[in-house]
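Q: Please take a close look at the second largest pocket of this model. Which elements supply its lining, and how do its surroundings compare with the rest of the structure's pockets and packing?

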Amino acid sequence: MHIEQLQLKNYRNYEKLDISFNDKVNVIIGENAQGKTNLMEAIYVLAFTKSHRTPREKELIHWEKEYAKIEGRITKRNQSIPLEIIVSSKGKKAKLNRLEQRRLSDYIGAINVVMFAPEDLTLVKGPPQIRRRFIDMELGQIQPRYIYHLGQYQKILKQRNHLLKQMQKRDKPDLTMLDVLTEQLIEHAATLLERRFVFLDLLRKWAKPIHHGISRNLEELEIRYSPTIEVSEEANKEKIGNIYINKFQEIKGKEIERGTTLIGPHRDDLLFFVNGKDVQTYGSQGQQRTTALSIKLAEIELIFQEVGEYPILLLDDVLSELDDFRQSHLLNTIQGRVQTFVSTTSVDGINHETLKQAELFRVTNGNVEVNGDPVDKE
């Protein structure tokens, strides 16, 4: 799988851009605030219909323009497929093979992308919502139906929290309505948790040997899922649902008192252990970075196993954050197999055969040169 061509219109600091890519390695060079990360972000949005940098979609639209458009042509299973995302004040539209998709969840998975950016180094030491978002985005790529259940869960959760807030102020709370929303929430919560357990099992399979290799066979990585209910990872959806039913009944009074939903996938977490010690609390910065890198490389192999083709890899300003050994391990892993985009302020100091064979794109204030030649904006 690779991107052949990317066209941008009114996207961030690009009014117009039409660019073709190498199917192996593409290096995007530029100083900060010139537009190199915007190019990486556009590829990410083409895959996920949302940015990894901001939840405010109006920021994607060029100043004083009404909409932003991203068009891409990808090669997948030896077929050339056009993709299109339009972002405007009215919302988002996604087209796959020129056909508008009724739901965004029907579009996601058309192109598989793994991004590794400096903020991903906080995957281990950052707050739980970063790890939940990681699970949701990666699982959504290989099981697009997961995105539907996640959307429904979030919608019902918002309604339930609103009701609980209102019930705090009432002498006689509406328990019937709360029970209805709880039942609806559990239906999607059990599905999300069951699928997360399966995903984590696959991730462990790949991450453990990768981490062992990067650590020069000195470290053993263990990944544990930390749910808000006591449940085995072998439990099926029905059993998970029954545990949720009992737990919600048990804490009903406490939730009304607090005015919020206290259990569910929106409060779960991932825990990482190296040689039996919690990496977040006791790991060195090097161990935390090795763990984050192992997880990202495991994603690549997991997607290949599930989809049958390697995803596109985006390395956004991350090589400079890794030491020479981790850089080499990363580049050796992807060499010749994965279409890769590397954004950096300079390639100085990055001495690897993979980058010597790369296409070079230089970005200056939204203008792009390929190997020294300007890219036609029309």
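A: In this predicted model, the lining of the second largest pocket draws at least two residues from each of α1 (36-48), β8 (113-116), α3 (122-125) and α4. Of these contributions, that of α4 is the largest share, at five residues. The lining comprises 23 residues in total, and those nearest the centre of the pocket are Y44, S51, H52, R133 and M137. By class, the lining of this second largest pocket holds ten nonpolar, four polar and nine charged residues. The space within the second largest pocket amounts to about 430 Å³.

Helix α4 (128-142) also serves the largest pocket, to whose lining it supplies at least two residues, as do α2 (104-107), α5 (144-168) and α6 (175-214). The largest pocket encloses about 620 Å³. Its lining numbers 25 residues, with K50, I147, L150, G151 and Q154 nearest the centre. These lining residues of the largest pocket divide into ten nonpolar, eight polar and seven charged. Here the largest share, seven residues, comes from α5.

Helix α5 therefore merits separate description. Its 25 residues reach 37 Å from the first C-alpha to the last, which is close to the 36 Å expected at 1.5 Å a residue. The buried residues of α5 are Y146, I147, H149, L150, Y153, I156, L157, R160, L163, L164 and M167. An α-helix has 3.6 residues a turn, so residues three or four places apart point the same way. The buried residues of α5 pack against α2, α4, α6, α7 (237-250) and α8 (252-258). I147 and L150 are thus listed among the buried residues of α5 and also among the residues nearest the centre of the largest pocket.

Aromatic contacts form a further part of the picture. Across the whole structure, a search finds seven aromatic pairs. One of them joins F21 and F341 in an edge-to-face arrangement, with 4.8 Å centre to centre and 90° between the planes. F21 lies in the loop between β2 (14-20) and β3 (25-29), and F341 lies in strand β13 (residues 340-344), so the pair ties together parts that are 320 residues apart in sequence. Both F21 and F341 are buried. Together with F361, F21 and F341 form one aromatic cluster.

Notes. Residues are numbered from 1 along each chain as its sequence is written. This is a predicted model: local features need pLDDT of at least 70, side-chain atom pairs count only at pLDDT 80 or more; totals for chains, interfaces and linings use all residues. Side-chain values use heavy atoms; hydrogens and water are left out. On a 1 Å grid over the protein atoms alone, a cavity is a set of points where a 1.4 Å probe fits but cannot get out, and a pocket is an open set with protein on both sides within 12 Å along at least five of seven lines; lining residues have an atom within 4 Å of a point. Grid points are joined across faces, edges and corners, and a volume is the space filled by probe spheres set on the points. Helices (H or I, at least four residues) and strands (E, at least two) are DSSP runs, numbered from the N terminus. Ala, Val, Leu, Ile, Met, Phe, Trp, Tyr, Cys and Pro count as nonpolar, Asp, Glu, Lys and Arg as charged, and the others, Gly among them, as polar. The expected span of a helix is 1.5 Å times one less than its number of residues. Buried means under 20% relative accessible area, exposed over 50%, partly exposed in between (1.4 Å probe, protein chains only). Contact means heavy atoms within 4.5 Å. Rings of Phe, Tyr and Trp (its six-membered ring) pair if their centres lie within 6.5 Å; planes under 30 degrees apart count as stacked, over 60 as edge-to-face and the rest as tilted.
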